[in-house]
There are 2 protein chains.
Amino acid sequence: MSINAAEEEAKLRKFRFTRFLNQDTRTKMVNLLGEIDSTPAILIAEKTAFSIIGDHLTKFSHDLHLPKVSLMERNDIYHSFLATQDSEYGEVKITLIFPATETHIRKYTHQELRMVVETPEIYRELVKPYVEEKRRNGRLDWVYNILEYKSEKESIIVEDTDDVEGFMLLPDLKWDRKTMASMYTMAILRRRDITSLRDLKRKHVPWLKNLRRIIPEAICGKYGGIEPDQIKIYVHYQPSYYHFHLHAVSISHDGGLGQTAGKAFLLGNLISWLESLDGDEETGLESVELTYSLGEESELWQRVFKEINGKGKAKE
Amino acid sequence: MSINAAEEEAKLRKFRFTRFLNQDTRTKMVNLLGEIDSTPAILIAEKTAFSIIGDHLTKFSHDLHLPKVSLMERNDIYHSFLATQDSEYGEVKITLIFPATETHIRKYTHQELRMVVETPEIYRELVKPYVEEKRRNGRLDWVYNILEYKSEKESIIVEDTDDVEGFMLLPDLKWDRKTMASMYTMAILRRRDITSLRDLKRKHVPWLKNLRRIIPEAICGKYGGIEPDQIKIYVHYQPSYYHFHLHAVSISHDGGLGQTAGKAFLLGNLISWLESLDGDEETGLESVELTYSLGEESELWQRVFKEINGKGKAKE
């Protein structure tokens with residue numbers, strides 16, 4: 001497909017705003033719904049980071065960069081100003097999704113989060129059947145394709161081919177594969193019997209400790225500019241798919257909600273929890289209560305926790 | 001002190017850049033060191049969030065708002081552009097710290113993080129003596145002043161005056177005390193014998209469960225626009241001071257590193273961990289291994305973990 005830049009730019013100019021979808025005031029991002037020639041389109045705008053090229057920094061407070069400056073407040077040594085930035089420097093990165101489907105719209109719409117408490121009983125009776133459903137009917141084929149070298153073979157950073165204890169380390173889509181400060185990889189375990197951290201047992205501790213040691217070593221062996229103790233390894237609960245996998249990320253990468261307590265569980269602390277459990281080698285994390293956050297649009301919230309949390313409120 | 005806005009603004013214009021201190025590309029922030037009339041000053045600049053006032057949104061893609069637009073890439077329905085923003089809209093919030101001390105400079109300088117593994121032995125022999133030192137010589141007087149109503153009395157949101165199980169809930173400095181989406185409070189426990197989560201024991205579980213229930217209820221009773229399951233309660237390890245306290249925060253508040261796994265431990269999961277421990281009522285979290293992150297400038301890194309992590313590397 002040959003791309004005509006002027007044509008694409010004209011599309012953006014024709015964007016007619018219809019509805020505000022979401023914003024992130026921390027990262028300075030906004031998602032808007034609109035139409036281009038009566039077809040739905042999503043516009044995602046994000047301010048760019050400051051340029052830190054030396055020459056620009058030396059002129060930072062000049063009026064060429066900040067034409068207008070006004071004092072908001074002064075408290076002792078702290079002075080707050082609001083300044084306008086010359087348009088030559090004030091850039092905005094825009095992504096246009098066009099045409100946009102209902103699924104895109106849902107994905108870019110603000111979603112409220114809720115804290116939930118998953119007891120072992122709730123897991124066994126309500127969550128586990130949901131997890132099993134999510135593993136059926138080819139839903140994990142894309143993972144098995146990776147493990148069987150049918151896809152993403154060229155992306156493998158490192159692998160251990162042992163059928164039980166092995167894994168495959170791949171770059172996450174969010175990583176540019178260069179900047180080590182935002183290094184983000186995913187280790188997909190070869191074994192297919194572990195759906196999530198709920199299936200981890202005391203007997204898995206030696207294996208997990210081995211993974212904790214060799215994954216950072218493998219990353220550092222492949223890439224320079226990072227040391228093993230600058231790598232954070234965690235799992236998500238709930239994960240986005242139910243084949244056990246680990247996230248191995250540069251400690252300096254601010255991953256937002258994906259790394260937050262209530263979503264991310266450090267591998268080191270899961271190992272420690274398993275070791276401290278009262279029970280034999282078959283005892284595991286299916287026997288503990290877990291607190292975590294869920295989006296209101298998620299199936300698990302809709303099907304399971306909406307009613308449970310609602311009952312709690314009715315009792316008060 | 002009467003403030004002359006023009007005078008303060010002139011200070012900013014006189015800022016002479018000397019050294020780059022730090023940046024956050026996610027939040028679009030940059031910290032610069034410089035001088036004003038030969039005295040050190042720190043300039044902190046942060047781009048502002050997009051205005052989401054209706055009128056502005058309807059004109060979002062117009063050339064009045066985005067004078068120049070250029071296509072970067074197109075992949076199927078995804079179109080990426082880089083646009084310049086008219087200076088009327090491209091604002092920058094600036095904080096000037098002047099005069100700035102060495103302590104300010106250290107605080108605003110980039111700090112590398114490291115993952116550390118604190119075994120029960122390391123805690124007992126190296127970390128606990130450090131914690132005890134940090135509790136001596138009046139270092140916690142500011143906390144005791146709050147608990148004794150000698151300071152911040154007017155800020156108390158709610159309190160439970162029981163000497164053993166009671167607490168005092170206060171707004172965190174980071175919260176504007178209005179916006180519920182960024183609600184951030186701190187519960188300071190009345191009892192003075194718990195230094196951190198390391199001192200929590202099985203016998204504390206009923207008390208902790210009670211706190212987990214009543215703190216969200218108290219916040220919702222005081223403020224509208226939030227429900228108990230939209231409040232996340234966690235503790236930091238390492239905490240910034242060694243008198244046990246809880247952070248109770250709106251779940252939609254993206255707290256960055258302060259809420260990240262490796263720093264924040266959800267109260268719910270600590271309760272669950274305590275309940276699952278093998279031992280009697282006196283068994284507690286001092287007996288488990290903890291994985292967390294530490295800044296390289298922190299005393300604990302310098303004194304304890306720098307050497308321990310270094311040894312690990314030497315062995316390889």
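How many residues does the contact take from chain A and from chain B? Hi everyone, let's start there, keeping in mind that this is a predicted model. The answer is 103 residues from chain A and 103 residues from chain B.

People often describe the size of an interface by the accessible area lost when the parts come together. For our two chains, about 10,100 Å² is buried between chain A and chain B, and carbon and sulfur atoms give 57% of that.

What holds charges opposite each other here? The rule finds 10 salt bridges across the interface of chain A and chain B. One of them joins Arg114(B) to Asp229(A), with the closest N and O atoms 2.5 Å apart. On the side of chain A that touches chain B, the residues divide into 48 nonpolar, 28 polar and 27 charged.

The chains also share strand pairing. Strand β6 of chain A, residues 91–97, pairs with strand β5 of chain B, residues 78–84, in the antiparallel sense over seven bridges. Look for Val92(A), whose bridge partner in β5(B) is Ala83(B).

Now let's look inside chain A. Six of its strands form an open antiparallel sheet, in the order β8-β9-β10-β12-β11-β13. Strands β8 and β13 stand at the edges with a single partner strand each, so one side of each has no neighbour in the sheet. On average, neighbouring strands are turned by 30° against each other, direction ignored.

Within that sheet, β9 and β10 of chain A pair over five bridges, and Phe167(A) stands opposite Leu189(A) in β10(A). Finally, helix α6 of chain A, residues 205–222, packs on the sheet, and its direction makes about 130° with that of β11(A). Thanks for listening!

Terms used: Residues numbered from 1 in each chain as written. Chains lettered and ligands numbered in written order. Predicted model: local features only at pLDDT ≥ 70, side-chain atom pairs only at ≥ 80, totals over all residues. Heavy atoms only, no water. Contact = heavy atoms within 4.5 Å. Buried area = accessible area lost by both parts, 1.4 Å probe. Salt bridge = Lys/Arg side-chain N within 4 Å of Asp/Glu carboxyl O. Nonpolar A, V, L, I, M, F, W, Y, C, P; charged D, E, K, R; others polar. Pairing = 2+ DSSP bridges. Helix = DSSP H or I, 4+ residues; strand = E, 2+ residues; numbered from the N terminus. Axes fitted to C-alpha atoms, helices over the stretch in contact; angles between N-to-C directions.
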